[in-house]
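Here are my notes on the model you sent, as numbered points. They start with a backbone detail and end with the overall fold.

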Amino acid sequence: MAHDGLRRRLEELLSLADVKIDGDRPWDLHVHDDRLYARVLAHGRLGLGESYMDGWWDCEQLDELVRRLLDAELDEQVRPRRDLLHLIRATLTSLRGPVDAFHIGRHHYDIGNDLYRSMLDERMIYSCGYWREATTLDEAQEAKLDLVCRKLGLRRGMRVLDIGCGWGGTARYAAERYGASVVGITVSGEQVKLSRELCAGLDVHIRYQDYRELDQGRDGTFDRVLSLGMFEHVGCKNYRTFMQTVRRHLKEKGLFLLHTIGGLHSASRTDPWIDRYIFPNSMLPSARQIATSVEGLFVMEDWHSFGPDYDRTLMCWHRNFEEAWPVLKDRYDERFHRMWRYYLLGFAGSFRARRNQLWQVVLSPRGVPGGYVAPR
């Protein structure tokens with residue numbers, strides 16, 4: 001009988017998002033374990049994600065379910081007490097130093113190059129593609145890389161710093177197509193190994209290094225600095241430090257391009273499920289937080305928003321992941337399968353609901369003489 005009352009309560013909440021329990025529409029939720037109701041009502045977003053990983057429920061179109069839940073703001077209506085503990089912990093860990101920064105590399109990016117090779121495009125770019133004229137994932141990622149290089153005005157012989165270089169795809173593109181000399185840094189040991197292999201023979205130098213370990217005396221300054229999909233790991237208490245570091249290593253007439261997921265509100269924590277299972281200590285910056293972090297350091301030259309493109313990118317990653325699963329399952333278990341599916345489709349739903357944004361921001365130390373013309 002207790003389950004019946006809890007089910008009715010959850011049904012009432014889900015009805016606000018036009019979602020039914022055991023309904024016949026693709027976004028309806030199908031329950032396999034009645035313990036789900038208490039778990040979700042007690043633990044909110046964390047309980048919903050963990051119970052999916054445990055196989056307590058399924059949904060044919062998980063991305064659309066998440067989109068509907070977020071549109072109805074149901075995540076704001078179920079706020080368990082443990083969210084307060086998560087907020088306190090997130091606030092403290094946002095003060096982490098360089099040693100702690102390598103934890104995200106081990107937890108997320110080092111789990112297996114086979115997984116990322118199967119899921120991503122041919123260049124292994126793990127950030128939002130640019131779909132303005134693209135029809136495939138490979139085209140969208142190449143269009144994004146070319147957009148970045150054009151925004152930076154890259155020319156042969158320029159010295160470029162890539163903060164959070166991933167598997168070296170951006171550095172390789174800049175070196176091959178634009179003749180740039182690139183230094184890439186990452187906190188992932190597996191990314192270092194593979195990126196050095198993929199960039200062999202090019203003027204590309206990959207380092208296992210946190211951005212705070214850059215030294216002006218040793219590393220000098222760069223004509224251009226870029227960072228694609230790394231700022232989400234910096235933490236709000238470190239935004240200013242990050243920008244100061246970039247400023248120190250950028251020439252007076254240089255340009256800096258920041259490519260980051262953004263949030264609608266200034267926050268000091270992330271979703272508790274994402275924090276525990278996918279990106280520990282991650283945080284989405286708001287427009288206000290970014291603007292505050294660059295105040296007095298840079299001139300804002302351009303702010304480009306194309307968040308809906310991430311929905312399409314994530315759906316491509318999910319399709320590739322599922323197609324590769326028959327091979328990947330020999331190394332990863334079914335709980336990982338469900339966790340990764342929930343991650344990819346949940347994020348797609350959040351971008352579709354416009355809860356998450358994708359921004360490319362171009363900054364200069366003193367302003368481009370005569371004005372900056374932004375490519376699109």
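1. Glu73, just after helix α3, takes a positive phi of about 55°. This is a predicted model, and the phi value should be read with that in mind.

2. Helix α3 itself covers residues 62-71 and is mostly covered, with nine of its ten residues buried. The buried positions in α3 include charged residues as well as leucines: Asp63, Glu64, Arg67 and Arg68 are buried there, and so are Leu62, Leu65, Leu69 and Leu70. Val66 is buried too.

3. What do the charged residues of this region take part in? Salt bridges that share partners join Asp63, Glu64, Arg67, Arg68 and Asp71 into one network with Asp18, Arg25, Asp28, Asp311 and Arg352. Within that group, Arg25 and Asp18 form a salt bridge whose closest N and O atoms are 2.9 Å apart. Asp18 is partly exposed, at a relative accessible area of 37%. As a general point, side chains of opposite charge can pair when their charged atoms come close.

4. A second pair to look at is Glu142 and Arg123, whose side chains meet in a salt bridge at 3.4 Å, N to O. Glu142 is in helix α7 (residues 137-152) and Arg123 in the loop between α6 (113-119) and α7, so the salt bridge ties together parts that are 19 residues apart in sequence. Is each partner buried or exposed? Arg123 is buried, with a relative accessible area of 9%, while Glu142 is partly exposed at 24%. The cut-off for buried is under 20%, so Glu142 at 24% relative accessibility does not count as buried.

5. Arg207 and Asp219 form another salt bridge, at 2.7 Å from N to O. Arg207 belongs to strand β5 (residues 204-208) and Asp219 to helix α10 (residues 216-219), and the pair links these distant parts of the chain, twelve residues apart. Asp219 is buried, with a relative accessible area of 2%, whereas Arg207 is partly exposed at 24%.

6. On charge as a whole, the structure holds 34 salt bridges. The protein has 54 positive and 54 negative side chains, and the centres of the two sets lie 6 Å apart.

7. Leu264 sits in the loop between β7 (250-263) and α12 (272-277). Which residues does Leu264 touch, leaving out those up to four places away in sequence? The contacts are with Arg354, Arg355 and Gln357. Asp58, by comparison, is 206 residues from Leu264 in sequence and 29 Å from it in space, C-alpha to C-alpha.

8. For the overall fold, the protein has 15 helices and nine strands. The radius of gyration is 21 Å, close to the 21 Å that the globule rule gives for 376 residues, so the protein is as compact as a globular protein of that length. The C-alpha trace spans about 70 × 45 × 40 Å along its principal axes.

9. Buried residues make up 59% of the 376. Of the contacts with a separation of 6 or more, 74% are between residues 24 or more positions apart. The accessible surface comes to about 16100 Å², and 50% of that belongs to carbon and sulfur atoms.

Notes
Residues numbered from 1 in each chain as written. Predicted model: local features only at pLDDT ≥ 70, side-chain atom pairs only at ≥ 80, totals over all residues. Heavy atoms only, no water. Helix = DSSP H or I, 4+ residues; strand = E, 2+ residues; numbered from the N terminus. Rg over C-alpha atoms; globule rule 2.2 N^0.38 Å. Buried < 20%, exposed > 50% of the residue type's maximum accessible area, 1.4 Å probe, protein only. Contact = heavy atoms within 4.5 Å. Areas by Shrake-Rupley, 256 points an atom, 1.4 Å probe, with all protein chains shown as cover. Lys, Arg positive; Asp, Glu negative; His and termini not counted. Charge placed at Lys NZ, Arg CZ, Asp CG, Glu CD. Salt bridge = Lys/Arg side-chain N within 4 Å of Asp/Glu carboxyl O.
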